[in-house]
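Colleague: Please take a close look at one part of this model for me. I want the stretch ahead of the first helix, and then whatever else helps to place it.

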Amino acid sequence: MTPLTSDEVVRFEPVGPDDEAAAQQETDYLNHVFMQQNPGFMVLYAFIKDALLSKNGLV
């Protein structure tokens, strides 16, 4: 499988200085779930292909 160009599929931005640790933890967790526990690249590939071919891509 080809990796994505970025290491992060999603990134949470902290609102204030107290939110930095929580934003990083949320970013790490969702990226792990999407890319490690699920076939994230294949999900995105199928979604984009369906959207281009049938103008309706569902995830």
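Modeller: This is a predicted model. Start with the charges. The structure holds one salt bridge. Its partners are arginine 11 and glutamate 13, whose side chains meet at 3.5 Å, N to O. That distance qualifies because the cut-off for a salt bridge is 4 Å between a side-chain nitrogen of Lys or Arg and a carboxyl oxygen of Asp or Glu. Buried or exposed: which are arginine 11 and glutamate 13? Arginine 11 is exposed, and glutamate 13 is exposed too.

Now phenylalanine 12. This residue sits in the segment before H1. Phenylalanine 12 has a relative accessible area of 33%, so it is partly exposed. Its C-alpha atom is 5.2 Å from that of alanine 23, although eleven residues separate phenylalanine 12 and alanine 23 in sequence. Glutamine 24 gives a second reference point. Between the C-alpha atoms of glutamine 24 and phenylalanine 12 there are 6.9 Å, with the two residues twelve apart along the chain. Glutamine 24 belongs to helix H1. Its relative accessible area is 37%, which means that glutamine 24 is partly exposed.

Phenylalanine 12 also has a place in a surface patch. The patch is nonpolar and consists of Val9, Val10, Phe12, Tyr29 and Leu30. Together these residues offer about 400 Å² of accessible area. Why can Phe12 be part of a patch? Patch residues need over 30% relative accessible area, and phenylalanine 12 has 33%, so it passes that cut-off. Valine 9 is another member. Like phenylalanine 12, valine 9 lies in the segment before H1. At 37% relative accessibility, valine 9 is partly exposed.

Move along to valine 15. This residue is again in the segment before H1. Valine 15 is exposed, because its relative accessibility is 81% and the cut-off for exposed is over 50%. Its C-alpha atom lies 29 Å from that of asparagine 38, and 23 residues separate valine 15 and asparagine 38 along the chain.

Next comes a charged patch. Asp18, Asp19, Glu20 and Glu26 form a negative patch on the surface. Aspartate 18 is placed in the segment before helix H1, which covers 20-37. With a relative accessible area of 76%, aspartate 18 is exposed.

One more feature belongs in the picture, this time in helix H2. The count of aromatic pairs comes to one. Phenylalanine 41 and tyrosine 45 make up this pair, with 6.4 Å from centre to centre and 25° between the planes. The pair is stacked, because 25° falls under the 30 degrees cut-off. What separates the two residues along helix H2? Phenylalanine 41 and tyrosine 45 are four residues apart in helix H2 (residues 40-54), so about one helical turn lies between them. Phenylalanine 41 is partly exposed at 22% relative accessibility. Tyrosine 45 is partly exposed as well, with a relative accessible area of 45%.

Back to your stretch. The segment before H1 includes valine 9, phenylalanine 12, valine 15 and aspartate 18. Valine 9 and phenylalanine 12 are partly exposed, whereas valine 15 and aspartate 18 are exposed.

Definitions and conventions
Residues are numbered from 1 along each chain as its sequence is written. This is a predicted model: local features need pLDDT of at least 70, side-chain atom pairs count only at pLDDT 80 or more; totals for chains, interfaces and linings use all residues. Side-chain values use heavy atoms; hydrogens and water are left out. Rings of Phe, Tyr and Trp (its six-membered ring) pair if their centres lie within 6.5 Å; planes under 30 degrees apart count as stacked, over 60 as edge-to-face and the rest as tilted. Buried means under 20% relative accessible area, exposed over 50%, partly exposed in between (1.4 Å probe, protein chains only). Patches are made of residues with over 30% relative accessible area and no salt bridge: like charges are joined within 9 Å, nonpolar side chains (Val, Leu, Ile, Met, Phe, Trp, Tyr) within 5 Å. Accessible areas come from the Shrake-Rupley method with a 1.4 Å probe; for residues, only the protein chains shown count as cover. Lys and Arg count as positive and Asp and Glu as negative; His and the chain ends are not counted. The place of a charge is taken as NZ of Lys, CZ of Arg, CG of Asp or CD of Glu.
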